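Reader: I should like a close look at a single part of this model, set in the context of the chain around it. Please define each term as it arises.

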Amino acid sequence: MTQFSSNDVTGWLNNMQEQLQSLTVADDPFFMIGIRTGGVDVGRHLHSALDLQEPLGQLNISFYRDDFSKMGLHPVVGPSQVPVSVEGRHIVLVDDVLSSGRTVRAAMNEIFDFGRPSRITLAVLVQRTGHELPIRADVVGHSIDVPDSDHVSLHAQSMTVSVGRKAK
Amino acid sequence: MRRSDPQFNQFNKLHHFLSIDGLDKATLTHILDTAEGFTSVNDKSIKNVPLLRGKTVANLFFENSTRTRTAFELAAKRLSADILNIDLVSSSTKKGESLLDTLRVLESLQSDMFVVRHSDSGAADFIARHVAPTINVINGGDGQHAHPTQAMLDMFTIRRHKGAFEDLTVVIIGDIKHSRVARSGIAALVTLGAKEVRVAGPQTLMPADVESLGVSVYRDIDKALIDADVVMGLRLQNERMTSATIPSTGEFFKTYGLTPERMRLAKPDAILMHPGPTNRGVEIEASVADGEQSVILQQVTYGIAVRMAVMSIIMGHGEEVREAEMNQA
């Protein structure tokens, strides 16, 4: 089990902040949406650091997952909240860990049910190996090369990240 | 206990939704929490979610009900399922085909879920015990027995407007005896830990075993209403009454009708609920049904999210059952 401290994670968040600042255009501000729950935790930090004016959107992708017939309904983590129209907007989609890419695919499907954005930028705290879809992040806090059997998880309260064997 | 309960499959997961009886507080709360997630689908320009894409839901209505059928139909469509509406009131069951023959035919049409509405108590239970193991059954109301999705949408409405059940006094008024809505509602309120559940109505419209359900029984509606947080009216079910159990509807209104004066006995912020359709001037005055305290129309709206929750929870275990079947074969 590898543990990354909150100092490490703060450094990764700063990386993301810098990359996002370079994306900021005065006449076309982006609208940030976090994927519940980890992406919302990361999104909150970035949202306040970048001093964004619009509220942080939140997506609950439980109803868009592609593993429903195998796994059933995932724990429901509160409703999606997208208080601003996404039509024609630049969306920054935030998640904690990008692995298979299936969560991001589900999130994009959901975003398109709210409207047609002009562009979606994917920002993740950790991009790990194990992709199953052609989805990569545009903004990355930190990249990790780990075996498929390992699990990377963000602990929101302490803002630390652990890498280790999947819990059975 | 659960092993013999037809609502659970061999993995102890909720597989059919037939009755509130036998479900614990955690299960009911899980349904309410899931429904909460589905309320946000109305915020989207495309109101469907892809969860049940490729599944087929058959509405088997052996008894007429436009509201319930429409609510299930819309819930299934919002979940991207295909829906078959099968009107069995005027169909082959009249031509002498047995219920089991009808079931076999519907199974052959590759349905994944049956929503059953029937005038006989226990019909949904019977069907659940006899369908193929991969098919899920929801009770959309059976005789005087149960109407569990109505109970859950009522609980959802109460929780949305009033919060924690532990602090609430709920009064159910009218024809308790013939009402599956009342039976299921009482079971859900007791399981969820409501402070007090009161029932009020004429003795002829009270079930014989009513006290055993965990409620306080009132003959005097005015006393029952004092300090209530939630007032639930019920429809006077003329079609289920076999003999004269009340003198007249006018008399019933005088003694048990919900009037603005009576509503003032409840707490000032009390909500008024009714499963519909309302008989105005029989169990409820129009000004109360349409008044500020009325949440009757919200109940209808919440009914969609609650039915989406129930459908997606019980349909989520299909693969497990199919795999177990394959292994046995």
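Author: The following account begins with one strand and its sheet, and then widens to the domains and the chains. This is a predicted model, in which local features need pLDDT of at least 70, side-chain atom pairs count only at pLDDT 80 or more, and totals for chains, interfaces and linings use all residues. Residues are numbered from 1 along each chain as its sequence is written, while chains are lettered from A and ligands numbered from 1 in the order in which they are written.

The part chosen is β5(B), which covers residues 169-173. Helices (H or I, at least four residues) and strands (E, at least two) are DSSP runs, numbered from the N terminus. β5(B) is mostly covered, since five of its five residues are buried. A residue is called buried if 20 or more other C-beta atoms lie within 10 Å of its own, exposed if 12 or fewer do, and partly exposed in between, with C-beta atoms placed from the backbone. In a regular strand the side chains alternate between the two faces of the sheet. In β5(B), T169(B), V171(B) and I173(B) point one way, V170(B) and I172(B) point the other way, and all are buried.

β5(B) runs parallel to β6 (residues 196-200) of chain B, and five bridges join the two strands. Two strands pair if DSSP finds at least two bridges between them. Within β6(B), R198(B) stands opposite V171(B), and A200(B) stands opposite I173(B).

Both strands belong to an open sheet of five strands in chain B, with the order β7-β6-β5-β8-β9 and parallel pairing. β7 (216-218) and β9 (271-273) of chain B stand at the edges with a single partner strand each, so one side of each is left without a neighbour in the sheet. On average, neighbouring strands of this sheet are turned by 20° against each other, direction ignored. Axes are lines fitted to C-alpha atoms, for helices over the stretch in contact, and angles run from 0 to 180 degrees between N-to-C directions. Helix α6 (residues 180-191) of chain B lies across β5, β6 and β8 (230-233) of chain B, and runs at about 170° to β5(B).

The loop between β5 and α6 of chain B holds I176(B). I176(B) counts as buried because it has 24 C-beta neighbours inside 10 Å. Apart from neighbours within four places in sequence, I176(B) is in contact with A182(B), V199(B), G201(B), L205(B), M206(B), P207(B) and V210(B). Contact here requires that the C-beta atoms of two residues, placed from the backbone, lie within 7 Å. L60(B) and I176(B) are 116 residues apart in sequence, and their C-alpha atoms are 26 Å apart in space.

A further open sheet in chain B has four strands in the order β2-β1-β3-β4, with parallel pairing. Its edges are β2 (82-87) and β4 (136-142) of chain B, each with a single partner strand, so one side of each is left without a neighbour in the sheet. Neighbouring strands of this sheet are turned by 15° against each other on average, direction ignored. Six bridges join β1 (residues 56-61) of chain B to β2(B), and the two run parallel. D82(B) in β2(B) is the bridge partner of T56(B).

The domain assignment of chain B gives domain 1 (2-147 + 302-328) and domain 2 (148-301); such bounds come from an automatic or database domain assignment. The C-alpha centres of domain 1 and domain 2 of chain B lie 26 Å apart. Their contact takes 29 residues from domain 1 of chain B and 26 residues from domain 2 of chain B. On the side of domain 1 of chain B that touches domain 2 of chain B, α1, β4 and α11 of chain B each give two or more residues. The largest share of that side, six residues, comes from α11(B).

Chain B also meets chain A: 19 residues of chain B are in contact with 18 residues of chain A. α1 (25-38), α11 (296-314) and α12 (318-328) of chain B each supply at least two residues of the side of chain B that touches chain A. The largest share of that side, four residues, comes from α1(B).
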